[in-house]
Amino acid sequence: LSNAAITISNRSGVTPASVTFKPINLELRDISTLPDGEGPLTVHAEIPGGGTLSWRGRTSLNPLASHGEISLTGIRPGAAWRFLRDETNLSEPKGTFDISAQYRFLHSAQVLQFVLENLRLTAKDIELTRLGDPSPILALNTIEASGGRFNLGAHEVTLPEIAVRGGSAVIDVDESGEVNWQKLAKTGQPGSETTGSAEAAKRPWKIRLEAVRIADVALDYTDHSRS
């Protein structure tokens with residue numbers, strides 16, 4: 001598959017959103033329905049708004065399985081924000097993200113397994129700004145995490161360390177005692193109710209964060225609820 005394009009559109013909300021991924025190049029060789037017949041898989045795609053997807057691995061159809069490496073480089077959050085803008089009170093976020101991981105996927109006997117290992121994340125020049133505000137409520141120079149692990153079947157996420165360097169955060173409490181961060185998500189959106197919550201509650205997620213390191217970050221705190 002060479003120079004293909006995929007367009008995703010959502011017109012169900014107040015503000016229609018659409019993004020196009022192009023060009024997309026995919027190569028899949030020596031695939032067979034014979035048991036354990038693996039073939040190499042290569043995918044390269046340009047991400048809307050900037051950034052690239054690189055995916056290399058090996059894939060089989062019997063069972064349906066794949067393993068390899070995947071990376072997202074230079075990703076900007078603007079494309080995702082277009083689909084969430086009606087649910088938030090945020091202007092378009094700024095910054096770039098690099099994400100890479102080794103993956104294992106297996107679907108056999110009605111059991112789905114998906115694991116990410118050696119998960120690495122680097123984010124630079126992150127800015128979050130509330131609609132109508134002149135300055136961001138969060139501005140971070142760099143965020144780094146490495147050695148992470150995500151296990152869908154076990155509902156577990158492990159991160160050895162998150163390091164944040166440089167930037168500022170703003171916490172503002174209004175007269176009623178509500179914090180500005182509580183106002184980032186709009187409430188009462190149509191379709192915001194989720195289904196299957198009882199089933200999801202049976203399998204709680206376990207998140208382990210072993211260390212957080214913060215350096216050279218300023219905090220601006222104002223409390224209007226006090227006389």
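**Getting to know this predicted model**

Me: Leaving aside its neighbours within four places in sequence, which residues is isoleucine 126 in contact with?
Reply: Happy to start there, keeping in mind that this is a predicted model. Neighbours within four places in sequence are set aside for this list. The contacts of isoleucine 126 are then Lys94, Gly95, Thr96, Phe97, Leu138, Ala139, Leu140 and Ile143.

Me: Which strand gives the most to the largest nonpolar core?
Reply: That core has eleven residues, including Ile126, Leu138 and Leu140. Strands β7 (111–128), β8 (138–151) and β10 (162–173) each supply at least two residues of it. With three residues, the strand that gives the most is β7.

Me: How many residues does the other core have, the one with Ile24 and Leu53?
Reply: This core lies apart from the largest one. Among its members are Ile24, Ala45, Ile47 and Leu53. Its number of residues is six.

Me: Which residue in β11 stands opposite threonine 158?
Reply: Let's walk across the strands. β8 and β9 (residues 156–159) run antiparallel, joined by three bridges, and arginine 149 stands opposite threonine 158 in β9. β9 also pairs with β11 (residues 206–209), in the parallel sense and over four bridges. There, the residue opposite threonine 158 is arginine 208.

Me: Which residue takes a positive phi in the hairpin of β8 and β9?
Reply: The hairpin has four residues between its strands. The phi in question is near 55°, and the residue that takes it is histidine 155.

Me: Which residues are joined into one network by salt bridges that share partners?
Reply: Side chains of opposite charge can pair when their charged atoms come close. Glutamate 117 and arginine 149 meet in a salt bridge (3.3 Å, N to O). This pair links strand β7 with strand β8, its residues being 32 apart in the chain. Through shared partners, the network consists of Arg104, Glu117 and Arg149.

Me: Is glutamate 144, which pairs with arginine 165, buried or partly exposed?
Reply: The side chains of glutamate 144 and arginine 165 meet in a salt bridge (3.1 Å, N to O). Buried would need under 20% relative accessible area. Glutamate 144 has 32% relative accessibility, so it counts as partly exposed.

Me: How much accessible area does the nonpolar patch with Leu61 have together?
Reply: Leucine 61 lies in strand β4 (residues 52–61) and is partly exposed, at 43% relative accessibility. Leu1, Leu26, Leu28, Ile31 and Leu64 form the surface patch along with Leu61. Together their accessible area is about 510 Å².

Key: Residues are numbered from 1 along each chain as its sequence is written. This is a predicted model: local features need pLDDT of at least 70, side-chain atom pairs count only at pLDDT 80 or more; totals for chains, interfaces and linings use all residues. Side-chain values use heavy atoms; hydrogens and water are left out. Patches are made of residues with over 30% relative accessible area and no salt bridge: like charges are joined within 9 Å, nonpolar side chains (Val, Leu, Ile, Met, Phe, Trp, Tyr) within 5 Å. Accessible areas come from the Shrake-Rupley method with a 1.4 Å probe; for residues, only the protein chains shown count as cover. A salt bridge is a side-chain nitrogen of Lys or Arg within 4 Å of a carboxyl oxygen of Asp or Glu. Buried means under 20% relative accessible area, exposed over 50%, partly exposed in between (1.4 Å probe, protein chains only). A nonpolar core is a set of buried Ala, Val, Leu, Ile, Met, Phe, Trp, Tyr and Cys residues joined through side-chain atoms within 4.5 Å. Contact means heavy atoms within 4.5 Å. Two strands pair if DSSP finds at least two bridges between them.
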